[in-house]
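Ready for some practice in reading a structure? Grab a pencil, work through each exercise, and then check yourself against the solution.

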There are 2 protein chains.
Amino acid sequence: MSTIGKALSLLDTLSRLDKEVGLTDIARLCALDKATARRFLVELERHGFVEQDPDSRRYRIGSAPVRLARIREARYPFLSIAVPFIKALADTSAETVHLSEFSGGRLSTIHVEDPPRAHRIIVDVGSLLPFHATASGLAFLAFCPRAEIDQALRKPLEKFTDHTVVDPHLIRGLLDETAARGFSISHQGLEAGVISAAAPVRAPDGRPVGCVAVAAPLSRTTETAIHEFGAQANAAANGISEKYYGSERLTGTSPETRRRD
Amino acid sequence: MSTIGKALSLLDTLSRLDKEVGLTDIARLCALDKATARRFLVELERHGFVEQDPDSRRYRIGSAPVRLARIREARYPFLSIAVPFIKALADTSAETVHLSEFSGGRLSTIHVEDPPRAHRIIVDVGSLLPFHATASGLAFLAFCPRAEIDQALRKPLEKFTDHTVVDPHLIRGLLDETAARGFSISHQGLEAGVISAAAPVRAPDGRPVGCVAVAAPLSRTTETAIHEFGAQANAAANGISEKYYGSERLTGTSPETRRRD
DNA sequence: AAGCTGAGGTTCAAATAATGAACCATAGGC
DNA sequence: GCCTATGGTTCATTATTTGAACCTCAGCTT
């Protein structure tokens with residue numbers, strides 16, 4: 001692996017910890033030598049990607065990503081374009097609607113809209129969505145090239161609940177269904193008692209960039225209702241994509257041919 | 001320079017461009033070989049720090065920094081803590097108040113509050129503040145260790161207006177004044193007709209992390225008024241620092257001894 | 001249509017930078 | 001005063017990075 005990759009993985013590891021850590025821990029967590037970890041941290045610090053607490057000597061994410069994020073969002077405000085769609089869907093569905101974005105090989109939650117009712121599903125911004133066990137993950141995978149599906153299903157698949165589907169063959173079946181109808185359904189895949197439906201937001205080349213998902217308590221959600229949520233998520237996702245990518249002309253490869261090529 | 005440093009500089013360069021650029025341009029701007037630039041871009045893309053438009057093949061900042069920024073801000077919400085202070089100062093001063101943060105060797109604007117009047121100074125979020133020619137830059141430098149002041153003043157200093165002070169000796173004089181009274185004043189240093197006063201937000205160890213600045217049209221600003229703004233900026237900066245760093249105990253080295261050591 | 005131009009992208013021997021075992025320094029606990 | 005654990009550093013060894021030259025393709029010129 002390249003040095004750059006290792007340094008960025010360190011940054012990623014650091015970002016996933018819920019507390020500041022010292023040099024020794026970082027080295028251990030990243031499977032790096034202490035000297036190497038230190039050199040990376042110094043270099044990352046020089047550029048503002050990490051900072052070291054001058055007192056405790058522990059490290060945390062620095063302010064450079066904040067600056068980059070501002071620039072990216074200013075030039076490419078995905079979230080601000082998507083949020084109104086998510087809000088609208090939360091209103092009409094009266095359930096929790098969340099938006100995820102694919103980044104660095106993972107699908108992470110970037111926005112959540114709660115419906116105005118007490119009994120609802122709680123989703124945290126920033127939470128990561130396993131591909132095999134969430135509606136968003138399935139919706140995302142279903143529209144990925146075959147090679148990436150294979151890669152995702154080769155990894156060990158965690159069984160989060162009694163209902164989590166972990167058999168790669170069965171998952172492929174779910175992906176086919178998803179691709180056919182335009183949205184996925186996860187029946188208690190990540191957490192018991194929760195059902196959700198999701199549809200991918202796709203770039204003009206057909207590649208998914210994230211997902212819109214509706215999550216509801218299983219107890220009050222009928223088969224008809226979850227399919228309706230799925231269709232609405234699909235409409236929202238398409239709306240976001242259209243507004244975000246605007247008049248960008250489609251590439252030679254059409255969305256249809258791109259899927260699972 | 002380390003490979004990591006070069007890759008992060010590439011990212012920095014990419015972030016400073018106001019349009020998406022192709023491989024050849026990036027290589028030229030970063031003084032890198034085309035093959036090297038490409039390897040960096042591929043590696044950065046793998047981790048979501050850049051993305052390539054699949055159609056135009058140009059590169060832009062990716063979404064990974066957005067994720068990191070969210071995490072940092074969630075754990076360490078500098079801006080959300082500082083904004084109320086900036087807003088309050090914009091109200092009482094009735095002038096533009098902006099907040100900057102030091103990152104990657106530069107001071108960049110991270111928030112601006114406009115006062116409710118038509119004739120006012122416009123400052124853009126994201127703009128970089130030269131150390132020698134802005135109130136923020138001077139306020140920041142004045143509380144830095146001597147070695148860093150020397151380093152900053154060794155570089156060639158651009159003369160932005162007829163009033164920009166570029167003589168290192170004179171600048172040191174301004175820094176001494178600033179350190180003594182707790183805030184800096186820039187008299188048309190960056191732009192003619194603008195006067196501003198700034199004070200540093202300092203970490204518990206005394207190190208400045210950013211600045212609060214008030215910028216006003218020279219035409220309506222008296223000597224007394226700008227000193228008043230400076231004092232208010234200082235109060236705001238101290239308020240932010242206190243709220244941000246909270247109960248963090250000071251290190252052995254006190255703020256006083258740390259200055260220009 | 002043939003030939004050019006300049007873009008993105010790739011290869012592989014040579015050059016350079018990364019690596020990590022062993023080291024030092026310091027702080028806290030006993 | 002010793003022990004241990006932490007952060008931090010050194011330098012000979014080793015693996016990665018480097019870049020000139022190359023390929024490929026799309027658009028333009030003649």
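**Exercise 1. Work out which parts of DNA strand C the protein reaches, and which residues do the reaching.**

Step 1. Start with the DNA side: of the strand C atoms within 4 Å of the protein, 62% belong to sugar or phosphate, and the rest belong to bases.

Step 2. Before going on, know what you're looking at. This is a predicted model, where local features need pLDDT of at least 70 and side-chain atom pairs count only at pLDDT 80 or more, while totals for chains, interfaces and linings use all residues. Residues are numbered from 1 along each chain as its sequence is written, chains are lettered from A and ligands numbered from 1 in the order in which they are written, and side-chain values use heavy atoms, with hydrogens and water left out.

Step 3. Now the protein side. A residue is near a strand if one of its heavy atoms lies within 4 Å of it. DNA strand C is surrounded by 18 residues, with K6(A), D33(A), T24(B), K34(B) and R38(B) the closest.

Step 4. Sort that surface by class: 5 nonpolar, 7 polar and 6 charged residues. Here Ala, Val, Leu, Ile, Met, Phe, Trp, Tyr, Cys and Pro count as nonpolar, Asp, Glu, Lys and Arg as charged, and the others, Gly among them, as polar.

Step 5. Find the helices (DSSP runs of H or I, at least four residues; strands are E runs of at least two; both are numbered from the N terminus). From chain A, α1 (3-16) and α3, and from chain B, α2 (23-29) and α3, each supply at least two residues of the surface near strand C. The biggest giver is α3(A), with 4 residues.

Step 6. Pick out some atom pairs.
- K6(A) has a polar side-chain atom 2.6 Å from a phosphate oxygen of DNA strand C.
- R39(A) has a polar side-chain atom 3.4 Å from a base nitrogen of DNA strand C.
- L23(B) uses a backbone N or O atom, 2.8 Å from a phosphate oxygen of DNA strand C.

**Exercise 2. Repeat the analysis for DNA strand D.**

Step 1. Of the strand D atoms within 4 Å of the protein, sugar or phosphate accounts for 64% and bases for the rest.

Step 2. Around DNA strand D there are 18 residues, and T24(A), K34(A), R38(A), K6(B) and D33(B) come nearest. By class, you get 5 nonpolar, 7 polar and 6 charged.

Step 3. Each of these helices supplies at least two residues of the surface near strand D: α2 (23-29) and α3 (34-46) of chain A, plus α1 (3-16) and α3 (34-46) of chain B. This time α3(B) gives the most, with 4 residues.

Step 4. Check what is touched. K34(A) puts a polar side-chain atom 2.5 Å from a base oxygen of DNA strand D. Phosphate oxygens of DNA strand D lie 3.1 Å from a side-chain N or O atom of Q52(A) and 2.9 Å from a polar side-chain atom of Y59(A).

**Exercise 3. Check the length of α1(A), then find where I4(A) sits.**

Step 1. The expected span of a helix is 1.5 Å times one less than its number of residues. With 14 residues, α1(A) reaches 20 Å from first to last C-alpha, close to the expected 20 Å.

Step 2. I4(A) belongs to helix α1 of chain A. I4(A) counts as buried because its relative accessible area is 6%; buried means under 20%, exposed over 50%, and partly exposed in between (1.4 Å probe, protein chains only).

Step 3. Other buried residues of α1(A) include L8(A), L11(A) and L14(A).

Step 4. Look for a partner far along the chain: I4(A) and F40(A) are 36 residues apart in sequence, yet 9.2 Å apart in space, C-alpha to C-alpha.

**Exercise 4. Examine two residues with a positive phi.**

Step 1. Recall the background: most residues other than glycine have a negative phi.

Step 2. A31(A) goes the other way, with phi near 55°. A31(A) lies in the loop between α2 and α3 of chain A, and it counts as exposed because its relative accessibility is 69%.

Step 3. R57(B), also not a glycine, has a positive phi of about 65°. R57(B) sits in the loop between β1 (50-52) and β2 (59-61) of chain B. At 62% relative accessibility, R57(B) is exposed too.

Notes. Polar contact = N/O pair within 3.5 Å; in protein donor to acceptor, adjacent residues only side chain to side chain.
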